[in-house]
Amino acid sequence: MLPQLQEEFDGHLNQAVIDAQQLQSTLNLEYEYLKSSDLQAFQELQVHKQHDVQTIQLFDALRNQFCTNAGIDREDKNFSHHLPKPQQAQWQQLLDVLEACDKLHRTSDLFMRTKLESISKALEILELNSPVTSTNLYNNLGNAFKSNIGRSLDKA
């Protein structure tokens, strides 16, 4: 493999690790904003998150270009074996940070979905004359749904 090609990829790999760590930091902030219900800060952070994701996508394109120029199969599961030892460690570090980012993203997603479901259920309960709530006999836990409250208020 050409030393110049290897050096160029090494620079891209170093930058990718830094970019992935930035993404991880952004995702940590995102989760904290969700937990504290700071929707304004959460919304403003989305631009930064999008930029961070795009830098990782750019690295993926550069890796594909490196693979093409070096004659490496892009889909090779053992990609790190084509790299020198120091780059193998960096590659593993990048994969570890990206895995942590994936977990953070999933955690935030689950938190948002749970919160939205709770809000939706609360709104459903507040809609006293809704045909959906009047026929809902059991809640998610299998307990009887208290739908008689709405009926008694309707009669009053």
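These entries record what I looked up in a predicted model of one protein chain.

**Entry: secondary structure.** I began with the secondary structure of the protein chain and found 5 helices and 0 strands. Reading along the sequence, I noted the pattern α-α-α-α-α.

**Entry: burial and surface.** I then turned to burial. The protein chain has 156 residues, and 28% of them count as buried. For the surface, I recorded an exposed area of about 11000 Å². Carbon and sulfur atoms supply 55% of that area.

**Entry: contacts.** I looked up how the contacts are distributed along the sequence. Among contacts in the protein chain with a separation of 6 or more, 61% join residues 24 or more positions apart.

**Entry: helix α1.** I checked the length of α1, which covers residues 3-35. Its 33 residues, at 1.5 Å a residue, should span 48 Å, because the expected span is 1.5 Å times one less than the number of residues. The end C-alpha atoms of α1 are 48 Å apart, which agrees with that expectation.

**Entry: Ser-37.** I next examined the loop between α1 (3-35) and α2 (39-70), where Ser-37 is found. What is the sign of phi at Ser-37? I noted a positive value, near 55 degrees, in a residue other than glycine. Ser-37 takes this phi just after α1.

I also asked whether Ser-37 counts as buried, partly exposed or exposed. The relative accessibility of Ser-37 is 42%, so I entered the residue as partly exposed; that class lies between the 20% limit for buried and the 50% limit for exposed.

Terms used
Residues numbered from 1 in each chain as written. Predicted model: local features only at pLDDT ≥ 70, side-chain atom pairs only at ≥ 80, totals over all residues. Heavy atoms only, no water. Helix = DSSP H or I, 4+ residues; strand = E, 2+ residues; numbered from the N terminus. Buried < 20%, exposed > 50% of the residue type's maximum accessible area, 1.4 Å probe, protein only. Contact = heavy atoms within 4.5 Å. Areas by Shrake-Rupley, 256 points an atom, 1.4 Å probe, with all protein chains shown as cover.
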